[in-house]
Amino acid sequence: MRRLMIILFVLTGIVLKAQNAPRSNLYTVIYNQSLEHSNFPAMIGATNVALGNNKGVQIGFGNVTYGWQSGSQFGLLNLVGEYAKGARFGIINYVGGDLSGVAFGIINYAEGNQRGALFGIVNTHLGDANGIHFGVLNLIGNSAKATQFGVINAVLRGIDGVQFGVVNLAKEVKGTQFGVINIADTYKRGMPFGLFSFIKHGGYQAVEFSTNELFPVNIALKTGVEKFYTSLICALNPDFSRPVAVGVGLGSIVPMNGRFYFNPELNYISTFQSPAASFYSIYPNFGYRFNDHFSVLAAPSLSWQNRSTGELNTPFYSLYSAGIDRHNELYIGLRFALRYYFNW
C-alpha cells in the first residue's frame, strides 16, 4: 500500500509539472505529451498528458487530459479536466465534468452528471445519475435514475430506481429500497424492505404492546409504510425455561370505513432455548384508531410451534391445539394490542 501511495504521489507531481512543459508534441517511454489540437489515437507510456482534448486511448501509470476525453484510459491515476466519454480503468478515476460510460476503480469521482456504470470502492459525483453503481459507498450529490448496489447508498435528492445495501438513504424515493436500514424523507412511489425503514413524510412508525396465546407480553417496533412494514419483536413467557424470545414480522394496513382498518400480519419468533423453539403466527387484525397516535387491535390467531428435539413449550393459553407430531403443534387463540404511532 505504501508503494502504491508513493507511485501516485510521484505521478501527481509529474502531472502538475506538465503545465510548465514545452508546448510541443513529445513522445518518450516515460513521458508523452500532446498539444491541444493534436489528435493521437493512442498514448502509451508511464505518464500520458493531453494539454487539450483527447480522442483515443491513454495507457500508462498516469493519464491526464486537460480538456474533454472521448475514448479510454487505463492506468493507476486517470484524470480528465472536463467531460469524459468511454471507459476508465484505474485506482483513481477523476472527471471534472460529466461522465458518460464505464469506470472501474477504487475511487470513481465526477464533478458533473453521470451516465453509465460505476464499479469501485467509492463511487461519487456531484450531479445527476442515470445508470448503475456497484461499490462500498455510492454517493450521488443530486437526483438519480439509477440502481445502486453497495454497503452504503446515498442520494442527496430524489431517486427513481432501486437501492440494494446495508444502509440506504435518499431524500425522495420513487422505487424501492432493500436494506437493513432504509431512510428517506418522502416516498412518492414504491416501498422499502428492511429491518428498519424510517420515512419522515408518509412513513409508518409505531410501538405496539400486545398479548396472545403464546406470549402474554410482547413489545414490537414497526417501521416502513402503511402498505408494507416490518416488525422487530421481543416476547416474554415466564413459563418457558428461557422466558425471553425475539422475532421479526411483516404487516400491511388496509383502510376500511372511518377509523377502522384491516391489518394482516405474519410473525416469526424464536426462543433462546437449546435447541430453540420456533413460532410462526398469522394475525388477521382488525383495528380502530382513536386519534393520530393511538389505536387498539384484536384478532383471532393461528400459530405453529416447531422444535427439532426436546419437549414442546406449553402456550400461555389456547382455544384449540392440535399436535402434528412430537416436534410440531398448532394453536388457535386470540390477540389484543395497543399501538402508538410516532414521527421522527
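**Ring contacts, cores and strand pairing**

Arginine 289 lies over the face of tyrosine 341, 4.1 Å from the ring centre. The model is a predicted one. A second arginine is placed in a similar setting. The charged end of arginine 335 sits over the ring of tyrosine 283, at 4.9 Å from the ring centre.

Ring-to-ring contacts were examined next. A pair of aromatic rings is described by the distance of the centres and the angle of the planes. Across the whole structure, 24 aromatic pairs are found. Tyrosine 268 and tyrosine 280 form one of the tilted pairs, with 5.1 Å between centres and 45° between planes. Tyrosine 268 belongs to strand β23 (residues 260-271) and tyrosine 280 to strand β24 (residues 278-289). The two residues are 12 residues apart, and the pair links distant parts of the chain. Tyrosine 268 counts as partly exposed because its relative accessibility is 30%. Tyrosine 280 has a relative accessibility of 34%, so tyrosine 280 is also partly exposed.

Phenylalanine 294 and tyrosine 340 form a tilted pair as well, at 5.2 Å centre to centre and 55° between the planes. Phenylalanine 294 lies in strand β25 (residues 294-306) and tyrosine 340 in strand β27 (residues 328-341); the pair therefore ties together parts 46 residues apart in sequence. With a relative accessible area of 36%, phenylalanine 294 is partly exposed. Tyrosine 340 is partly exposed too, at 33%. Elsewhere, phenylalanines gather in one aromatic cluster. Its members are Phe74, Phe89, Phe104, Phe119, Phe134, Phe149, Phe164, Phe178, Phe193 and Phe228.

The nonpolar cores were then located. The largest holds 12 residues, among them Ala129, Ile140, Val155, Ile159, Tyr187, Ile199 and Val225. Strands β15 (144-149), β16 (152-164) and β17 (167-201) each supply at least two residues of this core. The most come from β17, which gives five. Another core, of 11 residues, lies apart from the largest one; Phe215, Ala235, Phe240 and Ala245 are among its members. Valine 225, a member of the largest core, has contacts beyond its neighbours in sequence. Leaving aside residues up to four places away, valine 225 touches Met191, Pro192, Ile199, Gly202, Gly203 and Tyr204.

Ala245 also appears in strand β21 (residues 244-251), on the covered face with Gly247, Gly249 and Gly251. The uncovered face of β21 carries Val244, Val246, Val248 and Leu250. Strand β20 (residues 228-236) pairs with β21 in the antiparallel sense over eight bridges. Leucine 232 has valine 248 of β21 as its bridge partner. β21 also pairs with β23, again antiparallel, over seven bridges. Here glycine 249 is partnered by asparagine 267 of β23.

Strand β23 has further partners. Strand β22 (residues 254-255) pairs with β23 in the antiparallel sense over two bridges. Proline 255 stands opposite tyrosine 261 of β23. The hairpin of β22 and β23 has four residues between the strands, and glycine 258 in this hairpin takes a positive phi near 60°. β23 and β24 pair in the antiparallel sense over 11 bridges. Tyrosine 261 has glycine 287 as its bridge partner in β24. These two strands form a hairpin with six residues between them.

The loop between β23 and β24 contains proline 275. The peptide bond joining serine 274 and proline 275 is cis, with omega about -5°. Most residues other than glycine have a negative phi, and most peptide bonds are trans.

Serine 270 is placed in strand β23. Its relative accessibility is 16%, so serine 270 counts as buried. Not counting residues up to four places away in sequence, serine 270 touches Ala245, Val246, Ala276 and Ala277. Of these contacts, Ala245 is on the covered face of β21 and Val246 on the uncovered one.

A second buried polar residue is asparagine 32, at 0% relative accessible area. Asparagine 32 is in strand β2 (residues 31-34). A polar atom of its side chain lies 2.8 Å from the backbone oxygen of isoleucine 44.

Notes: Residues are numbered from 1 along each chain as its sequence is written. This is a predicted model: local features need pLDDT of at least 70, side-chain atom pairs count only at pLDDT 80 or more; totals for chains, interfaces and linings use all residues. Side-chain values use heavy atoms; hydrogens and water are left out. Rings of Phe, Tyr and Trp (its six-membered ring) pair if their centres lie within 6.5 Å; planes under 30 degrees apart count as stacked, over 60 as edge-to-face and the rest as tilted. Buried means under 20% relative accessible area, exposed over 50%, partly exposed in between (1.4 Å probe, protein chains only). A charge sits over a ring if NZ of Lys or CZ of Arg is within 6 Å of the ring centre and within 35 degrees of the ring normal. A nonpolar core is a set of buried Ala, Val, Leu, Ile, Met, Phe, Trp, Tyr and Cys residues joined through side-chain atoms within 4.5 Å. Contact means heavy atoms within 4.5 Å. Two strands pair if DSSP finds at least two bridges between them. A polar contact is a pair of N or O atoms within 3.5 Å; within protein, one must be able to donate a hydrogen and the other to accept it, and residues adjacent in sequence count only if both atoms are side-chain atoms.
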